[in-house]
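Thank you for asking for a second look at this model. My comments are set out as numbered points, to be read beside the sequence and the structure.

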Amino acid sequence: MKIACIGTGFVGVVTAAVFASLGNEVVGLDIDEKKIDSLRHGVVPFYEPGLQELLVKTQAEGHLTFTTSYELAISGADIVMIMVGTPSAADGTADLKYVYAASEAMAPYLKEGAIVIVKSTVPPGTNSKVHEIIERGTKVFFDIASVPEFLKEGTAVEDTLHPDRAVIGATNERTIATLTKLHESLTKNVVIVRPESAQMAKYAANVYLASRITFANQMADLCELNGADVQEVLAGIGQDKRIGTHYWYPGLGYGGSCFPKDVKEIAAYARTVGETESIFIAVDDLNEKRIPRLMEKYDKLVGGFAGKTVGILGLSFKPNTNDTRVAPSLKIVPWLIEHGAIVRATDPKAIDESKPLLPSSVTYVENAYEAVRGAHIAMLLIEWDEYKKLDLGKIAASMVAPKYFFDTRNQYDPAAVTAAGLQYKGIGR
Ligand code: UDX
């Protein structure tokens, strides 16, 4: 099948490479010449495990090409996937200007019978506007479907190659048959729904998971007050099949490019339709307050951060990515510096990305042991593999009293950390 992928951001590049690896003829299209030039040379402009290799392989096989020309990409395409960004507008709703611009630009080149898939996360009802815009620029028959994306950064290739399900929002029988065939090589779990439900399902999945994380965080806060350990509490409920043990760890609140934005969009949507007593609004609010509240707690515990050196482990928003969008470090490091701390920071992949976003007084170092050298406090922010198996004795030897070890992801056995000569502080335990 001939597929045009509009937008070569995170979702666009992964999706293009995966569909190309299945033998489809895929063209990636973007208006950003620099990005396209880099991709043409087989270089992914961000870090994502396995993607670089897949890109080079599918290009060498001749299944994947890149262009900035709408005419080249769209002419002859059976399927056109819109995967452009939807930044948040000032009122918290999604700004759809790029989706509409892509719709307008593709219209003159669409072939008869083409299927346009909206993969960008958009509110229910967007497809009719997209249809209207395309219709103005073409005389051919085309159909529009919604197929939301559920991939996670850090495991995006694997998630796209082996998704738990594909949700296809379409009503036209031919479109349903074509898209089912396209996705069946990835998963047998193809769920056919109306487009509005597919769009809502994307929000619902992210908002549900974000609420689950917020629940774990709220539970952790209570545990801290009554001698319970939240890890034990979660283990105690996880065997209930309705609940499960997965995706269930408390910490600094959710970050990244999707959860904060999608929860805000649904909260904004709830407000606009008058549903102001909404769990979505509460989840967003609680997540916004998560880090400031924790920092206040830590401040009391250490007797004020002024003059203290803090070693920060992990600057990205989660492991296995150099993405720093809504990363905890972006709130925590400036907070520490404003409160007089001296910050030494490290990350396996995201130092270059963090430098322009963090105060200039931060010292960046190569590894965790360097980060905690001479530090009064160590803060593990992101559970990169290499920070999960630190030599605690070596960490303690590098630090100076009071040697606090803030394990904000509950990765360590508190007793082992204490035995190494550090003062342990986890989350909800
Ligand atoms: C998420 C969704 O998982 C994915 O399905 C969707 O398509 C895009 O958004 P991603 O943002 O890549 O993916 O990261 P994810 O691994 O889900 O983590 C999001 C945030 O939640 C991170 O800040 C992470 O640290 C936090 N998190 C995750 C927790 O605090 N606790 C958890 O149990 C899981």
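The points below take up strand pairing, aromatic contacts, salt bridges and a surface patch in turn.

1. The coordinates come from a predicted model, and every point in this note should be read with that in mind.

2. Strand S7, residues 166-169, and strand S8, residues 190-193, pair in the parallel sense over 4 bridges. Within this pairing, Val 167 stands opposite Val 191 of S8. Helix H8, which covers residues 173-184, joins with S7 and S8 in a β-α-β unit that is right-handed.

3. The structure holds 8 aromatic pairs. One of them is formed by Phe 305 and Trp 335, with 5.8 Å from centre to centre and 85° between the planes, an edge-to-face arrangement. This pair links distant parts of the chain, since Phe 305 belongs to the loop between H12 and strand S9 (309-313) while Trp 335 belongs to helix H13 (residues 328-338), 30 residues apart. Both Phe 305 and Trp 335 are buried.

4. The rings of Phe 405 and Tyr 412 have centres 5.4 Å apart and planes at 85°, and the pair is therefore edge-to-face. Phe 405 and Tyr 412 are buried as well. In addition, Tyr 247, Tyr 254 and Phe 259 come together as one aromatic cluster.

5. How many salt bridges does the model contain? The count comes to 24 salt bridges when a side-chain nitrogen of Lys or Arg has to lie within 4 Å of a carboxyl oxygen of Asp or Glu. One of these joins the side chains of Asp 159 and Lys 152, at 3.1 Å from N to O. Asp 159 counts as buried because its relative accessibility is 17%, whereas Lys 152, at 38% relative accessibility, counts as partly exposed.

6. Glu 288 and Lys 331 also form a salt bridge, in which the closest N and O atoms are 3.8 Å apart. Because Glu 288 lies in helix H12 and Lys 331 in helix H13, the pair ties together parts that are 43 residues apart in sequence. Glu 288 is partly exposed at 36% relative accessibility, and Lys 331 is partly exposed too, with a relative accessible area of 35%.

7. A further salt bridge is formed by Glu 370 and Arg 344, whose closest N and O atoms are 3.8 Å apart. Here again distant parts of the chain are linked, with Glu 370 in helix H15 (residues 368-371) and Arg 344 in strand S10 (residues 342-346), 26 residues apart. Are the two partners buried or partly exposed? Glu 370 has a relative accessible area of 27% and is partly exposed, while Arg 344, with a relative accessible area of 17%, is buried.

8. Beyond these individual contacts, salt bridges that share partners join Asp 221, Glu 224, Arg 290, Lys 297 and Lys 425 into one network.

9. On the surface, Met 200, Tyr 269 and Val 273 make a nonpolar patch of about 260 Å². Val 273 is found in the loop between helix H11 (259-272) and helix H12 (279-302). Why can Val 273 be described as partly exposed? The relative accessible area of Val 273 is 47%, and residues between under 20% for buried and over 50% for exposed are called partly exposed.

Key: Residues numbered from 1 in each chain as written. Predicted model: local features only at pLDDT ≥ 70, side-chain atom pairs only at ≥ 80, totals over all residues. Heavy atoms only, no water. Patch = residues over 30% accessible without salt bridge, like charges linked within 9 Å, V, L, I, M, F, W, Y side chains within 5 Å. Areas by Shrake-Rupley, 256 points an atom, 1.4 Å probe, with all protein chains shown as cover. Helix = DSSP H or I, 4+ residues; strand = E, 2+ residues; numbered from the N terminus. Buried < 20%, exposed > 50% of the residue type's maximum accessible area, 1.4 Å probe, protein only. Pairing = 2+ DSSP bridges. Right-handed = clockwise from strand over helix to strand, strands pointing away. Phe/Tyr/Trp six-rings, centres within 6.5 Å; stacked < 30°, edge-to-face > 60°.
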